[in-house]
Amino acid sequence: MAATWSLRDFTGAGYDKGRPLLVQAAWFAVEHLVFVKWWCPARWRPSLLRVFGARVGRRVLIRHGVRVHWPWKLEIGDDVWLGEGAWIINLEPVSIGHDCCVSQDALLCTGSHLRRSPTFEFDNGPVRLEPGSWVAARAVVLRGVTVGRGAVVGAGAVAHRDLAPGTVLTAGGAAGTTRSTSTKEVRA
């Protein structure tokens with residue numbers, strides 16, 4: 001039986017945007033008029049995120065086209081790369097550990113909905129990338145998922161559950177399968 005929702009009655013219960021409307025509007029303007037633009041120097045992007053409450057480490061490289069829903073719900077460690085077109089939909093906190101790479105057009109999405117809710121209410125959860133993990137090009141990490149230390153979400157793969165440290169999730173395998181891989185030691 002197909003789900004029947006009354007989207008008109010959606011309340012958004014339990015979702016806190018974390019900042020007043022004026023701050024949200026200011027971020028929206030800065031993000032779309034400056035942050036994502038090719039002409040915005042990469043060295044400015046971490047500072048712009050910090051101005052809006054993100055915790056951003058040292059030597060973080062953020063390419064043009066990267067989108068961040070709410071900076072104040074973002075934590076990025078040292079020596080992190082965010083590739084062109086990466087999108088962080090962080091209705092809930094997103095934590096990216098040191099020495100992580102989020103490649104081109106990858107998506108980290110903390111939002112979802114309760115499919116059995118008559119009003120399609122939110123079912124959000126944080127996303128955590130542990131140190132040395134890699135979310136490859138066009139890969140997706142869904143709400144509530146932790147990508148373990150040194151793990152890889154391969155190009156085009158969808159991580160819908162936690163990945164153990166040092167594992168690789170590929171798009172070509174059966175849904176949700178992982179295989180072990182050797183990883184070099186990542187600093188603590």
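These legends accompany four views of a predicted model.

**View 1. The whole chain, by its secondary structure and burial.** Welcome to the overview, a good place to get your bearings. The secondary structure of the chain consists of two helices and 17 strands. Of the 188 residues, 43% are buried. The exposed surface of the chain comes to about 10300 Å², and carbon and sulfur atoms supply 58% of that area. Among contacts with a separation of 6 or more, 31% join residues 24 or more positions apart.

**View 2. The second largest pocket and its lining.** Here we turn to an open space in the model. The second largest pocket holds about 150 Å³. Its lining is made up of Q24, W27, F28, E31, H32, R67, V68, H69, W70 and W87. Which elements each supply at least two residues of this lining? They are α1, spanning 21-35, and β3, spanning 67-68. The largest share belongs to α1, with five residues. Sorted by class, the lining has five nonpolar, three polar and two charged residues.

**View 3. Q24, a lining residue in helix α1.** Let us stay with the pocket and pick out one of its residues. Q24 sits in helix α1 and belongs to the lining of the second largest pocket. Is Q24 buried or exposed? Its relative accessible area is 12%, below the 20% cut-off, so Q24 counts as buried. Beyond its neighbours within four places in sequence, Q24 is in contact with K17, R19, W70 and W72. One of these partners, W70, is also part of the pocket lining.

**View 4. K73 and its surroundings.** The last view moves to a loop. K73 lies in the loop between β3 and β4, the latter covering 74-76. Although lysine is a charged residue by class, K73 has a relative accessibility of 13% and therefore counts as buried. What does K73 touch, residues up to four places away in sequence aside? The contacts are Y15, D16, K17 and G18, together with N90, L91, E92, P93 and V94. Two of these partners offer backbone oxygens to the side chain of K73: that of D16 is reached at 2.5 Å, and that of L91 at 2.6 Å. K17 links this view to the previous one, as it is in contact with Q24 and is also touched by K73. For a further landmark, look for R55: the C-alpha atoms of K73 and R55 are 8.7 Å apart in space, with their positions 18 residues apart in sequence.

Technical notes:
Residues numbered from 1 in each chain as written. Predicted model: local features only at pLDDT ≥ 70, side-chain atom pairs only at ≥ 80, totals over all residues. Heavy atoms only, no water. 1 Å grid on protein atoms, 1.4 Å probe; cavity = no way out; pocket = protein on both sides within 12 Å on 5 of 7 lines; lining within 4 Å. Points joined across faces, edges and corners; volume = space filled by probe spheres on them. Helix = DSSP H or I, 4+ residues; strand = E, 2+ residues; numbered from the N terminus. Buried < 20%, exposed > 50% of the residue type's maximum accessible area, 1.4 Å probe, protein only. Contact = heavy atoms within 4.5 Å. Areas by Shrake-Rupley, 256 points an atom, 1.4 Å probe, with all protein chains shown as cover. Polar contact = N/O pair within 3.5 Å; in protein donor to acceptor, adjacent residues only side chain to side chain.
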